[in-house]
Amino acid sequence: MAAPERLLVRVPPLGDFEDVEVIEILVAPGDRVTAEQSLITLESDKASMEIPSPAAGTVVELSVSEGARVSEGAPILVLEVSPAAARGAQAVAAQRSAEPAAAPRDAAPPAAERARPAEEAPAERRAPSPERPAGARPAPRPVAPSAGERLRADVLVLGAGPGGYTAAFRAADLGRGVVLVEREPVLGGVCLHVGCIPSKALLHVAAVVRETEELAGAGVAFGAPRIELPRLRAHKQAVVKRLADGLVTLARQRKVHVVQGAARFESANRVRVEAPGGATTVDFDHAIVAVGSRPIALPGIPDDPRIWTSTDALDLEAVPERLLVVGGGVIGLELATVFAALGSRVSIVELLPELLTGVDADLVRPVRAALEARCEAIWRGTRLLELRAERDGLRARFEGQGAPAEAAFDRALIAVGRTGRADEIAAERAGLRVERGYLTVDAKQRTSQPHIFAIGDVSGPPLLAHRAMHQGKVAAEVIAGLPAEFDAAAVPNVAYTDPEVAWAGLLEAEAREKGIAYEKAVFPWSASGRALGLRRPDGHTKLLFEPGGGRLLGAGIVGAHAGDLIVETVLALELGADATDIALTIHPHPTLSETIGLAAEVGAGTATDLLPPRRRSQ
Ligand code: FAD
């Protein structure tokens with residue numbers, strides 16, 4: 001047998017990139033690697049890319065370290081390979097690179113197009129991307145199944161939203177063989193592509209627009225904003241893409257087998273995945289259903305491109321002159337905030353008497369006041385009777401006090417709620433019960449079939465990404481035999497309106513409805529030096545305690561950055577903290593977080609920033 005040879009592996013051509021950071025070394029001396037196995041991960045401000053091995057072999061020594069900055073041709077590591085593998089690597093490198101290999105034993109690995117071994121990732125589908133520099137290794141997309149392919153999984157995860165990818169990654173980290181099936185050609189689900197992330201990127205823009213307007217009152221005027229819609233859209237998409245590419249890297253590093261296609265159960269241990277390229281079946285020991293939710297359609301609404309779902313609105317196809325938002329819930333109000341800031345004349349119609357139904361009235365009032373100032377109209381307690389798509393626009397008919405009988409709009413956004421997708425996966429063939437689109441689960445996330453789990457939106461409300469992620473971990477850990485349960489003391493809710501509203505644990509409305517006794521402690525932001533300095537006194541922090549100085553039961557905050565502030569109260573709820581615990585926790589001055597400490601002081605009777613203090617503690 002011929003003696004092994006040593007191959008110096010170098011950084012391949014990186015297109016326009018130079019001086020890129022090594023963010024991760026994926027192998028160590030002594031490791032056996034296969035051809036195309038990722039060796040290191042590079043990250044620039046635009047993309048992350050993995051550098052694959054040009055040949056199978058054993059890592060002898062590393063030539064780079066994490067944090068180093070490299071360009072094309074920089075040495076990565078020395079690999080011990082068979083002479084045939086060395087020749088193969090050089091041939092491919094010579095073919096792919098405009099530059100000849102620097103030395104007989106040097107090899108720059110090829111750019112991405114070379115196929116990976118079938119057992120690792122068959123037939124990767126790679127969408128050309130205008131944002132990716134020429135020559136850089138594109139992040140692989142989920143693989144489309146080849147017709148008739150059969151797979152087996154310890155853990156099959158259906159849906160790669162925040163619930164699904166978290167469950168898949170945790171299960172892989174716990175040593176399980178995982179197949180992750182996703183209908184779309186990208187990972188990340190509603191939250192990443194058409195939900196939390198793009199909406200928050202746009203809400204940030206709305207907040208800055210409002211802040212600059214607000215500063216005029218302090219003698220600093222910027223003039224009207226000039227909105228370049230294509231650039232704003234590109235910014236939003238770049239944020240999404242960066243995170244989506246990161247998910248692909250994380251999946252690959254964990255050897256999670258990603259399959260693209262729509263899955264439906266065939267039995268309690270098999271699904272069939274349909275994709276344009278063919279169908280495959282996956283047999284599984286355990287399954288985690290994480291197929292999420294879809295918008296509820298209003299009956300009688302015509303199918304017209306000017307009538308939007310939240311997905312269409314986030315596409316930013318246009319900033320309509322007049323926009324009707326149907327539904328005064330979190331999604332409707334967030335998007336109303338965005339489009340009002342971008343220049344639309346927004347009207348909101350809500351069937352129920354108040355916006356953000358179910359949230360305490362004192363928390364909603366400042367949001368409504370702010371929206372009333374920025375929107376053309378808010379019609380509460382009003383029913384949309386009809387929406388007609390006409391050549392020159394949309395015509396809506398209303399029934400409700402204060403609303404016009406009829407009005408014209410350029411676009412309408414229907415945001416009247418969402419429902420689970422459990423009715424789309426032939427759940428009955430697996431023996432699962434579906435109730436109004438949802439799968440019911442126990443505290444271990446088990447459905448009526450103990451080896452099939454459901455997490456995230458498809459397991460019912462509240463439909464929140466952070467809840468989905470936590471449930472995903474619980475399901476994976478239960479499958480791995482760990483003593484996990486979803487027993488969170490509170491799941492925080494945030495409406496990223498302006499001002500934001502955030503709440504966790506008990507709400508006053510709920511306490512009254514259920515007859516739960518509580519004591520309320522409120523700190524108005526008009527007494528916060530920081531809020532005044534920010535010109536944002538339009539908020540307050542409210543804490544609900546057990547009577548007699550007991551534990552925290554719930555918290556509600558309305559004001560700028562309420563969504564970031566609420567987390568302290570969630571921790572307090574988890575730890576069973578009382579008013580004194582929170583009041584004695586030193587909060588930095590002057591911050592908005594201080595309002596939580598000050599509200600707790602009100603509850604403990606020790607507040608000195610407000611008069612008169614209640615005397616309970618000394
Ligand atoms: P999803 O994210 O819905 O993912 C499910 C995945 O399953 C999807 O990728 C889908 O393509 C795939 N799938 C569906 N059917 C199949 C099938 N048959 N086979 C294979 N794959 C399938 N939540 C927050 O916590 N904070 C926010 O700020 C926030 N903002 C939002 C803004 C908007 C506009 C919207 C619409 C939602 C927002 N949400 C927010 C809610 C959040 O997006 C969801 O709670 C979260 O995405 C649920 O995660 P999930 O994993 O359960 O499902």
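## Strand β8 and the ligand shell

Six bridges connect strand β1 (residues 5-10) with β8, and the two run antiparallel. E5 sits opposite V81 in β8. This is a predicted model.

Strand β6 (residues 57-62) also pairs with β8 in the antiparallel sense, over four bridges. Here L62 faces L77 in β8. Strand β8 itself spans residues 75-81 and is mostly covered. Five of its seven residues are buried.

Now the ligand. It is surrounded by 39 residues. The closest are E182, K200, A263, D457 and A465. Three polar distances between ligand and protein are listed here.

| Ligand atom | Protein partner | Distance |
|---|---|---|
| Oxygen | N or O atom in the side chain of K200 | 2.7 Å |
| Nitrogen | Polar backbone atom of A263 | 2.9 Å |
| Oxygen | N or O atom in the side chain of H466 | 3.3 Å |

Taken alone, the ligand exposes 1,000 Å², and the protein buries 95% of that.

Which elements give two or more residues to the shell around the ligand? They are helices and strands from several parts of the chain: α2 (162-173), β11 (178-182), α3 (189-194), α4 (196-215), β13 (262-267), α6 (310-314) and α9 (465-479). The most comes from α3, with four residues.

By residue type, the shell divides into 19 nonpolar, 13 polar and seven charged residues.

Note on methods. Residues numbered from 1 in each chain as written. Predicted model: local features only at pLDDT ≥ 70, side-chain atom pairs only at ≥ 80, totals over all residues. Heavy atoms only, no water. Near = heavy atom within 4 Å. Polar contact = N/O pair within 3.5 Å; in protein donor to acceptor, adjacent residues only side chain to side chain. Areas by Shrake-Rupley, 256 points an atom, 1.4 Å probe, with all protein chains shown as cover. Nonpolar A, V, L, I, M, F, W, Y, C, P; charged D, E, K, R; others polar. Buried < 20%, exposed > 50% of the residue type's maximum accessible area, 1.4 Å probe, protein only. Pairing = 2+ DSSP bridges.
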